[in-house]
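User: I have a model open and would like to understand the labels attached to it. Could you walk me through the reasoning?

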Amino acid sequence: MKVVSKRTGLSPHVIRIWERRYGAIQPERSGTNRRLYSESEVQRLELLRKATKAGHAISQAAKLSTPKLRELLVDGSGNAAADMRGIADPDLAAECLTAVRQLDALELDAALERGLIQLGQMGFLSRLVAPLSRQVGELWQKGELTAAHEHFLSAALRTLLGQSIRQFTKSETAPGILVATLAGQLHELGAVMVAAAASNLGWRVTYLGTSLPAAEIAGAAIQNKVQAVALSLVYPDDDHGLPAELSNLRRYLPAEVKILAGGRAATAYFDALNSIGAIRVGDLDELANVLEGLRRRSL
């Protein structure tokens with residue numbers, strides 16, 4: 001199991017879940033009941049990991065033969081790929097929103113975990129968490145939900161995604177990224193999503209949380225030798241002190257460290273972000289493209 005985990009980048013826990021729940025592989029057993037994996041099964045797990053990273057649901061991908069999995073990963077227009085790239089189950093999203101409204105932690109945790117298993121990490125983030133967080137944010141702005149509801153969802157996702165980040169083993173040579181929000185930016189959900197997505201894409205993540213001065217963010221980035229700092233800008237969108245903090249962050253960081261910024265409030269700070277050469281990121285798909293470009297340039 002240790003060797004297979006290292007080869008595939010999947011944790012032993014995930015491998016066992018995929019085996020038991022979805023029949024993704026059927027390893028033989030030794031006389032002492034230890035799993036014995038063939039080379040073809042290891043390759044299949046590698047393909048399944050790539051499929052889930054691309055946003056395909058493990059529940060569907062596991063049903064495909066290995067040749068079909070290969071076709072799925074190279075054919076962006078195939079029927080199998082299209083079927084699994086649909087939006088998340090609206091019933092599941094409604095279940096999550098109901099749990100948030102009722103502040104029901106057990107129901108919310110159970111629904112989110114089902115979504116993570118069904119959709120895979122990137123699909124879970126882009127097809128369930130992102131639209132759910134937007135809806136909660138809009139309801140909060142309309143006064144239909146309170147800040148407590150948004151913090152409740154953030155806390156649940158922080159716990160779940162913190163656990164899922166450890167699904168994928170990281171090389172010591174993996175590129176590093178620091179994720180945080182600057183002082184005055186108190187909403188955490190966007191930062192949590194970016195941290196989880198970056199980890200899933202093979203980056204070594206340092207997550208600091210919310211509302212930190214530029215000097216502390218820069219100090220942590222330098223200490224951990226990261227290649228990029230990602231900032232979530234969600235609320236407020238009229239903080240007159242934020243442009244100065246952005247300028248300070250750019251001044252404190254080494255020139256080669258890139259600054260990425262996204263979130264609902266990012267547009268309001270366009271001039272300040274442009275002045276420091278920040279890379280604006282619109283959504284998780286764009287984040288994946290930006291991180292891939294930065295990785296290639298660092299090789």
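User: What makes a residue of the protein chain count as buried, and what percentage of the 299 residues do?

Analyst: Happy to help! A residue is buried when its relative accessible area is under 20%. In this predicted model, 49% of the 299 residues of the protein chain count as buried.

User: Why is Q43 called partly exposed?

Analyst: Its relative accessibility is 31%. Buried needs a value under 20% and exposed one over 50%, so Q43 falls in between and counts as partly exposed. You will find Q43 in helix 3, which covers residues 39–53. From Q43 to H56 there are 13 residues in sequence and 17 Å in space, C-alpha to C-alpha.

User: How do you know whether the radius of gyration of the protein chain agrees with that of a compact globule?

Analyst: The globule rule is 2.2 Å times the number of residues to the power 0.38. For 299 residues a compact globule would come out near 19 Å, and the protein chain has 20 Å, so the two agree. Along the principal axes, its C-alpha atoms fill a box of roughly 65 × 45 × 40 Å.

User: Which elements make up the fold, and how many helices and strands are there?

Analyst: The protein chain has 14 helices and seven strands. Among its contacts with a separation of 6 or more, 68% join residues 24 or more positions apart.

User: What does the surface of the protein chain expose, and how many side chains are positive or negative?

Analyst: About 14,800 Å² is exposed, with carbon and sulfur atoms supplying 51% of it. There are 35 positive and 31 negative side chains, and the centres of these two sets are 9 Å apart.

Technical notes. Residues are numbered from 1 along each chain as its sequence is written. This is a predicted model: local features need pLDDT of at least 70, side-chain atom pairs count only at pLDDT 80 or more; totals for chains, interfaces and linings use all residues. Side-chain values use heavy atoms; hydrogens and water are left out. Helices (H or I, at least four residues) and strands (E, at least two) are DSSP runs, numbered from the N terminus. Buried means under 20% relative accessible area, exposed over 50%, partly exposed in between (1.4 Å probe, protein chains only). Contact means heavy atoms within 4.5 Å. Accessible areas come from the Shrake-Rupley method with a 1.4 Å probe; for residues, only the protein chains shown count as cover. Lys and Arg count as positive and Asp and Glu as negative; His and the chain ends are not counted. The place of a charge is taken as NZ of Lys, CZ of Arg, CG of Asp or CD of Glu.
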